[in-house]
Amino acid sequence: MIVILKPNVTRNSDEFNTVMDYLSGLPEIKVRVHEEIGTEQTLTELYLIGRTSTLSAEDISAMPGVGRVVRVSEEYRILGRHRDESRPTSFAYNGVRFGQDTLNVFAGLCAVDNPTHVEHMMQALREHGQVCTRMGAYKPRTNPYAFQGHGKDCLPWVFELAGKYGIRVIAMEVTHENHIVEIRDALAKTGQPTGVMLQIGTRNTQNFELLKACGRQREFPVLLKRGFGITLNESLNAAEYLASEGNARVVFGLRGMKTNMGDPHRNFVDFAHVPVVKRLTRMPVCVDPSHSVGSRDRGPEGLLDVMHVTAQGIIAGANMVLVDFHPAPAKALVDGPQALLLEELPHFLEDVRIAREAYEKRAALAREYVAKD
Ligand code: PEP
Ligand code: MN
């Protein structure tokens, strides 16, 4: 059960204390306080864990300071929808809004290699009105002898270049909680020129200590990739770990499943789950066409498979696209074969726009038909 307090009823107010005193006195019930940071206001929510079935939602709703009471199922207590349409499905970070109704493209380098390539990438993004990018500094690699990323050494110049080209949010994978500290320090030392969305990769979806560390901090939102060999339910529970520690600013990323059934694609594309995640949870959903497809192969009409699956994700309502580009893929240190070229950026963005327009028309049509029912 979630007790949602009225706006402005915050910790230590008289009303908050009265409600807390009452709830804490209930037998076999534990109360956990959670602040839901929306775009317009912060709502304080009280999570009641334990034997809540016998509690009267009406009595609790009638208490001063209580806005309303929502009964939740066991799954995804914080991030789930629970048939309640009024809790937020979006958040803002560093001037960019992320929601189940928005679309942001994060085109960029799989792995940061050198300042020239990073600068060329960011220059192209600015030329095409983009304010988000992806930049891998910490790379989890299958082979221990493969390039592991420049780590914290590259952060100052990556952040400075981002500031120079008006980049507001960089998706950057972290594989250890120390990386959060290194990112925070580098941003502070360079004067906060940009923002970072912490990315948890598919190999770490169930790294519970990393999830808890990313959930304990509230400064950075998190992009959690689906685990490539576990069920959707298991990956959504992983997202709930972040929220249960206090950070509900989470985007859920689909990136394909590891199985030979998807051959010749690198992973089996799972973007049919975009509407499923949006229905079950309040998280915006990201698709990663690059790590799903893993090549620059194209269909007979000339469209790259990466562009086809991007469109498939967007036409199904995806809210974010994480896609590999590189100014010189042959020289890329990681995942060059799947990177799009900078010259392909305008084509890619126009294709994204067409797919989004189609999604919006489909959604409007559905609203018309549902209204007739
Ligand atoms: C990545 O986005 O660079 C990455 C390693 O992705 P994934 O965790 O999905 O393999
Ligand atoms: Mn990669």
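## Ligand 1 and its contacts

A polar side-chain atom of His-291 sits 3.5 Å from an oxygen atom of ligand 1. The protein buries most of this ligand's surface: 96% of the 290 Å² of accessible area that ligand 1 has on its own is covered (areas come from the Shrake-Rupley method with a 1.4 Å probe). This is a predicted model, where local features need pLDDT of at least 70 and side-chain atom pairs pLDDT 80 or more, while totals for chains, interfaces and linings use all residues. Side-chain values use heavy atoms, with hydrogens and water left out, residues are numbered from 1 along each chain as its sequence is written, and chains are lettered from A and ligands numbered from 1 in the order written.

Two more side chains reach ligand oxygens: Gln-199 has an N or O atom 2.9 Å away from one, and Arg-203 has a polar atom 3.0 Å from one. A polar contact here is a pair of N or O atoms within 3.5 Å. The shell around ligand 1 (residues with a heavy atom within 4 Å) also includes Cys-110, Arg-134, Lys-139, Glu-173 and Asp-288. By class, that shell has 7 charged, 4 polar and 1 nonpolar residues. For these classes, Ala, Val, Leu, Ile, Met, Phe, Trp, Tyr, Cys and Pro are nonpolar, Asp, Glu, Lys and Arg are charged, and the others, Gly among them, are polar.

## The largest pocket

Ligand 1 takes up the space of the largest pocket; a molecule sits in a pocket if more than half of its atoms lie within 2 Å of its grid points. Pockets are found on a 1 Å grid over the protein atoms alone, as open sets with protein on both sides within 12 Å along at least five of seven lines, whereas a cavity is a set of points where a 1.4 Å probe fits but cannot get out; lining residues have an atom within 4 Å of a point.

This pocket holds about 340 Å³ of space. Its lining counts 20 residues, and Pro-140, Arg-203, Arg-266, His-291 and Asp-335 are the closest to its centre. Split by class, the lining has 10 charged, 6 polar and 4 nonpolar residues.

## The second largest pocket

Next comes a pocket of about 270 Å³, a volume being the space filled by probe spheres set on grid points joined across faces, edges and corners. It is lined by 16 residues, with Arg-32, Arg-77, Ile-78, Glu-240 and Ser-244 closest to the centre. Elements giving two or more residues to this lining are β2 (29-37), β3 (42-50) and α7 (232-244), and α7 has the largest share, with 4. Elements are DSSP runs numbered from the N terminus: helices are H or I, at least four residues, and strands are E, at least two. The lining divides into 6 nonpolar, 4 polar and 6 charged residues.

## A closed cavity

There is 1 cavity of 30 Å³ or more. About 170 Å³ lies in the largest cavity, and Glu-36, Phe-91, Ala-248, Arg-249 and Val-250 are the closest to its centre among 17 lining residues. Here β2 gives the most, with 3 residues, and β5 (90-93) supplies at least two. The class split is 8 nonpolar, 4 polar and 5 charged.

## Backbone oddities

Two spots in loops are worth a look. The peptide bond from Asp-263 to Pro-264 is cis, with omega near 10°, and Pro-264 lies in the loop between β12 (250-254) and α8 (274-280). Glu-28 is not a glycine, yet has a positive phi of about 60°; Glu-28 belongs to the loop between α1 (14-24) and β2.

Note on methods: A polar contact is a pair of N or O atoms within 3.5 Å; within protein, one must be able to donate a hydrogen and the other to accept it, and residues adjacent in sequence count only if both atoms are side-chain atoms.
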